[in-house]
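Biologist: I am new to this structure and would like to learn how to read it. Could you walk me through its features one at a time?

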Amino acid sequence: MEPLVGRSSSCLAQLMRDLGQPEYRARQLAAWIYRKRMTDYDAMSDLPADLRRSLAERYVIRSAVSERAAASKDGATKHLVRLADGLAVECVHLPYERRVSVCLSSQVGCPVGCTFCATGMGGFARNLTAGEIVEQFLLMQDLHPNRRITHAVFMGMGEPLLNIDNVVAAAHLLRDEVQVSARNLTISTVGIVPGIRALADADLAVGLALSLHAPNDAIRDRLIPSNRRWPLAEVMAAARAYRRATGRDVTFEYLLLAGHNDSAECARELAALLGDMPGAVNLIPYNPVEGAVAYETPSSARVRAFRAELEAAGRPVTQRARRGRGASGACGQLAGEAAGRRAPKLRASVSSR
Ligand code: SAH
Ligand code: SF4
């Protein structure tokens with residue numbers, strides 16, 4: 001049976017019309033699905049019993065379940081979310097002092113194949129539906145009910161802008177139905193130029209994080225296969241256009257790989273590439289991936305020196321703590337383990353809903 005989650009209120013309104021019901025029932029149903037996170041029709045007390053019965057005969061409410069979780073000492077919990085067809089993605093719950101964020105997957109695997117990324121190494125299976133993306137958020141709120149989730153970042157498995165229709169539909173649902181402010185939604189991209197341009201036109205003004213990881217095409221080509229199709233100059237032009245269209249600063253993600261992109265010269269070249277475009281650089285220490293090309297995490301002295309060069313050029317710099325990545329390693333690793341690459345180490349387990 002098809003799930004209801006993932007349908008917009010106008011789609012639910014059509015469904016109500018088809019069932020001979022007044023349209024306001026769609027708003028009631030949307031509130032049960034997205035705000036009260038109800039997974040049982042019987043509890044939908046303001047809907048008539050015959051409507052609940054007809055819905056139950058035709059639709060399930062959700063389709064995914066959270067199967068396993070690995071908690072890390074810093075408070076992050078990485079979950080494995082099992083989809084209706086048996087495939088799985090990962091999703092991370094990240095509580096901070098003043099906000100709670102979740103890291104969502106947009107695809108099962110990823111077709112881009114970056115050389116440092118566990119997800120990319122696992123190949124690509126399929127796009128997630130809008131419902132499967134929103135379900136990750138709802139599951140995280142179910143499993144961590146004490147604090148309201150305020151932020152969502154598309155930094156889990158997959159390249160969101162290669163699944164832009166479903167990602168944009170999910171972002172609209174998160175904003176309009178789950179009621180997360182669009183200011184608190186961030187899409188991370190490897191630099192899919194047509195996707196960045198389409199996102200600028202999507203009437204969402206979500207945050208954009210651009211995974212640069214290199215200051216020039218020679219280095220970037222070696223790390224990110226899609227750079228041959230959309231080289232840095234085009235990616236940067238699209239990022240500038242995104243900023244103009246949405247009024248939002250772009251964040252530049254920079255993964256530091258010892259000996260490949262972490263020299264002081266690379267830092268100066270990066271500062272020059274960004275030029276006068278505002279936006280912070282977020283430095284990410286490489287998280288080792290089993291079986292990957294032999295990359296290494298730079299020493300903290302090397303990271304400090306890189307950071308100092310950027311700051312000397314006036315560029316604001318943040319540094320990603322290795323939150324969540326302690327739980328079961330890098331991006332895509334938990335789902336990779338579930339597929340049988342390596343036995344998982346679970347420090348905590350959270351049962352399915
Ligand atoms: N496809 C998108 C979003 C998912 S990846 C993108 O590439 O931006 C989310 C982030 O995790 C990206 O910045 C990516 O470069 C980073 N990442 C991937 N593998 C990593 C690893 N082994 N260590 C640290 N960060 C990694
Ligand atoms: Fe895909 Fe992003 Fe991983 Fe590259 S870093 S393979 S784009 S998920």
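Modeller: We will go through a helix, some strands, a few loops and the two ligand surroundings. Keep in mind that this is a predicted model.

Biologist: Let us begin with a helix. How many residues does H9 have, and what span does it reach?

Modeller: Helix H9 covers residues 232-246, which is 15 residues. From its first C-alpha to its last it reaches 21 Å, close to the 21 Å expected at 1.5 Å a residue.

Biologist: Which residues of H9 are buried?

Modeller: First the general idea. An α-helix has 3.6 residues a turn, so residues three or four places apart point the same way. In H9, the buried residues are Leu-232, Val-235, Met-236, Ala-238, Ala-239, Ala-241, Tyr-242 and Thr-246.

Biologist: What covers the buried residues of H9?

Modeller: The cover includes three helices, H7 (193-200), H8 (217-223) and H10 (264-274), along with strands E11 (207-211) and E12 (251-256). Just after H9 comes Gly-247, with a positive phi near 75°.

Biologist: You mentioned E11 and E12. In which sense do they run, and how many bridges join them?

Modeller: E11 and E12 run parallel, joined by 3 bridges. To find the pairing on screen, look for Leu-210, which stands opposite Phe-252 in E12. On to the next partner: E12 and strand E13 (residues 281-285) also run parallel, with 5 bridges between them. There, Glu-253 stands opposite Asn-282 in E13.

Biologist: Is E12 mostly covered or mostly open?

Modeller: E12 is mostly covered, with 5 of its 6 residues buried.

Biologist: Can we zoom in on one residue of E11? Is Ala-209 buried or exposed?

Modeller: Ala-209 lies in strand E11. The cut-off to remember is that a residue under 20% relative accessible area is called buried. Ala-209 counts as buried because its relative accessibility is 1%. Leaving aside neighbours within four places in sequence, Ala-209 is in contact with Met-155, Thr-186, Ile-187, Ser-188, Thr-189, Thr-251 and Glu-253. You can also check a distance across the chain: the C-alpha atoms of Ala-209 and Val-281 are 9.6 Å apart, with their positions 72 residues apart along the chain.

Biologist: What about strands that run the other way? In which sense do E3 and E4 pair?

Modeller: Strand E3 (residues 65-71) and strand E4 (residues 77-82) pair in the antiparallel sense over 6 bridges. Ala-70 stands opposite Lys-78 in E4. The hairpin of E3 and E4 has 5 residues between the strands, and one of them to look at is Gly-75, with a positive phi near 100°.

Biologist: Which residues other than glycine have a positive phi?

Modeller: Two to look at are Gln-179, with phi near 70°, and Asp-203, with phi of about 55°. Gln-179 is found in the loop between helix H6 (164-176) and strand E10 (185-189), while Asp-203 lies in the loop between H7 and E11.

Biologist: How are those two classed by accessibility?

Modeller: Gln-179 is partly exposed because its relative accessible area is 45%. Asp-203 counts as exposed, as its relative accessibility is 60%.

Biologist: Now the ligands. Which residues are closest to ligand 1?

Modeller: Ligand 1 is surrounded by 22 residues, and the closest are Gly-158, Ser-188, Ser-211, His-213 and Asn-287. To read such a site, look at polar atom pairs. A polar side-chain atom of Ser-188 is 2.7 Å from an oxygen atom of ligand 1, and one of Ser-211 is 2.6 Å from an oxygen atom of the ligand. The backbone takes part in the list as well: a polar backbone atom of Phe-116 lies 3.0 Å from a nitrogen atom of ligand 1.

Biologist: And which residues are around ligand 2?

Modeller: They are Cys-110, Val-112, Gly-113, Cys-114, Phe-116, Cys-117, Gly-120, Gly-158, Glu-159 and Val-190. By class, this shell has 6 nonpolar, 3 polar and 1 charged residues.

Biologist: Where does Gly-113 lie, and what does it touch?

Modeller: Gly-113 lies in the loop between strand E7 (107-109) and helix H4 (118-121). Not counting residues up to four places away in sequence, Gly-113 touches Gly-120 and Pro-225. Gly-113 counts as partly exposed because its relative accessibility is 27%.

Technical notes:
Residues numbered from 1 in each chain as written. Chains lettered and ligands numbered in written order. Predicted model: local features only at pLDDT ≥ 70, side-chain atom pairs only at ≥ 80, totals over all residues. Heavy atoms only, no water. Helix = DSSP H or I, 4+ residues; strand = E, 2+ residues; numbered from the N terminus. Expected span 1.5 Å × (residues − 1). Buried < 20%, exposed > 50% of the residue type's maximum accessible area, 1.4 Å probe, protein only. Contact = heavy atoms within 4.5 Å. Near = heavy atom within 4 Å. Nonpolar A, V, L, I, M, F, W, Y, C, P; charged D, E, K, R; others polar. Pairing = 2+ DSSP bridges. Polar contact = N/O pair within 3.5 Å; in protein donor to acceptor, adjacent residues only side chain to side chain.
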